[in-house]
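Biologist: Let's look at this one together. I will ask, and you reason it through.

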Amino acid sequence: MLSEKDFIPKQYTSFVQTGSFEWSAPSNIALVKYWGKKENQIPANPSVSFTLNNCKTITKLGFEKKENNGSFSFNLLFEGKPKPDFRPKIEKFLQRVEEYLPFLKEYHFTIDTQNTFPHSSGIASSASGMAALAMNFMSLERLLNPDMDDAYFYNKASFLARLGSGSACRSVKGNVVVWGEHKDFEESSNLYGVTFPYVIHDNFKNYQDTILLVDKGEKQVSSTVGHDLMHGHPFAQQRFEQAHDNLSKIKEALVSGDLESFISITESEALTLHSMMMTSMPYFILMKPNTLEIINRVWKFRRETTIPVCFTLDAGANVHVLYPENDKVKVLEFIKNELVAYCQNSQYICDEIGNGAQQIA
Ligand code: PMV
């Protein structure tokens, strides 16, 4: 397991004047949820997620050596246009990672970024966005230090992404990623995500995630505020222990192909995440009436057809409907006939489990 010190480069052996890279990184959906953190984006409990395939951020990083090394210098484009609103987030990210990427003030950067999913769809782009940016910076660091191996490259990219947005560290790799120290995962770390190290049962091959866009509005509560509310939360300790137990149980289910167990852990985790929000002080509800309508219909459909479809939620009202590839035709028909009516402007996104960040030639 690597420590923070291992991510501070000793010295660079090469020199690079100018160039560019382009990487895509996907979003991810947690099965066992991360909610609550310590300082420096250290998670209060371990989590596990499916990396997605279609919901991605694509970021091109141009770089050019500059004279004055006194401050960060970058242009920021979102879908080809300047995006001043995003600058503070990037500036903060650069400050947080500077210790680990000491070359950052030596270059002027052009960060040109776009998402494959609709803007303000209620899908957080921070995970995919921070992961894509971290990959680009690692590509530049690898030019400065050509001896770097792949394992270090990906672990450090995940480490950097985490400093941007916690769950972003799970978007670097696929298909199932564990983040946070846990007894059943020897290589697991609080500092970066690691690929699920056991063979996953074929039941989960190409597992489907259809994201129902229930509410595309701005988040009522930022995840930063949400995580903070776990400090002094009356049920926090119990919750953190439960996440450890659930991670052990879902590990067994992913390996054995036990869909029943997978479903009960995944749905319970989603509802627990929202229960934590409802029982914090101040308290809040991020589900909408249509979220509950969808959940009830998913349960009814599962009861009537025995098709192993289930739901999970992020910190918002949208519903992720998860199911095996084998049942795709029937579940999509059900979604179109019964669930789309509860989506804002009938919008939903078809996604599936994927491989993580990819460099674009
Ligand atoms: O990465 P953050 O700080 O936005 O936290 C996200 C937390 C959840 O999405 C609610 C759960 C998770 O594990 O992804």
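**Burial, packing and backbone**

Modeller: This is a predicted model. A starting point is Ile-360, which is partly exposed, with a relative accessible area of 32%.

Biologist: Where in the chain is Ile-360?

Modeller: Ile-360 does not stand alone, for it is in contact with Glu-22, Trp-23, Ser-24 and Ile-58, leaving aside neighbours within four places in sequence. Strand E14 covers 358–359. Ile-360 sits in the segment after strand E14.

Biologist: How far apart in space are Ile-360 and Ile-111?

Modeller: Along the sequence, Ile-360 and Ile-111 are 249 residues apart. From C-alpha to C-alpha, the separation in space is 15 Å.

Biologist: How compact is the protein chain?

Modeller: The chain has 8 helices and 14 strands. For 361 residues the globule rule gives 21 Å, and the radius of gyration is close to that, so the chain is as compact as a globular protein of that length. Its radius of gyration is 20 Å.

Biologist: What share of the 361 residues counts as buried?

Modeller: The C-alpha trace spans about 65 × 45 × 40 Å along its principal axes. Buried means under 20% relative accessible area. Of the 361 residues, the share that counts as buried is 54%.

Biologist: Among contacts between residues at least 6 apart in sequence, what percentage joins residues at least 24 apart?

Modeller: This count takes contacts in the protein chain between residues at least 6 apart in sequence. Those that join residues at least 24 apart make up 77%.

Biologist: Are helices H1 and H2 parallel or oblique to each other?

Modeller: H1 covers residues 87–97 and H2 residues 126–144. Their axes come within 12 Å and cross at roughly 50°. An angle of 35 to 65 degrees falls outside the parallel and perpendicular ranges. H1 and H2 are therefore oblique.

Biologist: Which residues of H2 make the contact with H1?

Modeller: H1 passes H2 in a right-handed crossing. From H1 come Lys-89, Ile-90, Phe-93 and Leu-94. By class, the residues of this contact divide into 6 nonpolar, 1 polar and 1 charged. On the H2 side they are Ser-126, Met-130, Leu-133 and Phe-137.

Biologist: At what angle do H1 and H3 cross?

Modeller: The axes of H1 and H3 come within 9 Å. The crossing is right-handed. The angle is roughly 130°.

Biologist: Which residues in H3 meet H1?

Modeller: H1 brings Phe-93, Arg-96 and Val-97. The contact of H1 with H3 has 4 nonpolar, 1 polar and 1 charged residues. In H3 the partners are Leu-160, Leu-163 and Gly-164.

Biologist: Is Ser-165 buried or exposed?

Modeller: Ser-165 lies in the loop between helix H3 and strand E8. It touches Gln-41, Ser-126, Ala-127 and Met-130, not counting residues up to four places away in sequence. Its relative accessibility is 13%, and the cut-off is under 20%. Ser-165 counts as buried.

Biologist: What is the relative accessible area of Ser-128?

Modeller: Ser-128 is found in helix H2. Leaving aside neighbours within four places in sequence, its contacts include Ala-25, Pro-26, Lys-56, Phe-117 and Ser-171. Ser-128 is buried, with a relative accessible area of 0%.

Biologist: Which residue does a cis peptide bond join to Met-281?

Modeller: Most peptide bonds are trans. Omega is about 0° for this bond, which is cis. The partner lies in the loop between helix H6 and helix H7. It is Pro-282.

Biologist: What is omega for the bond from Gly-174 to Asn-175?

Modeller: Asn-175 lies in the loop between H3 and E8. The peptide bond from Gly-174 to Asn-175 is cis. Its omega is near -25°.

Biologist: Is Gln-41 buried or exposed?

Modeller: Gln-41 lies in the loop between strand E2 and strand E3. It has a positive phi of about 60° although it is not a glycine. The relative accessible area of Gln-41 is 7%, so it is buried.

Biologist: Is Thr-306 buried or exposed?

Modeller: Thr-306 lies in the loop between H7 and strand E11. Its phi is near 60°, a positive value in a residue other than glycine. With a relative accessible area of 65%, Thr-306 is exposed.

Key. Residues numbered from 1 in each chain as written. Predicted model: local features only at pLDDT ≥ 70, side-chain atom pairs only at ≥ 80, totals over all residues. Heavy atoms only, no water. Axes fitted to C-alpha atoms, helices over the stretch in contact; angles between N-to-C directions. Helix = DSSP H or I, 4+ residues; strand = E, 2+ residues; numbered from the N terminus. Parallel < 35°, antiparallel > 145°, perpendicular 65-115°, else oblique. Left-handed = near helix turned anticlockwise from the far one by under 90°. Contact = heavy atoms within 4.5 Å. Nonpolar A, V, L, I, M, F, W, Y, C, P; charged D, E, K, R; others polar. Buried < 20%, exposed > 50% of the residue type's maximum accessible area, 1.4 Å probe, protein only. Rg over C-alpha atoms; globule rule 2.2 N^0.38 Å.
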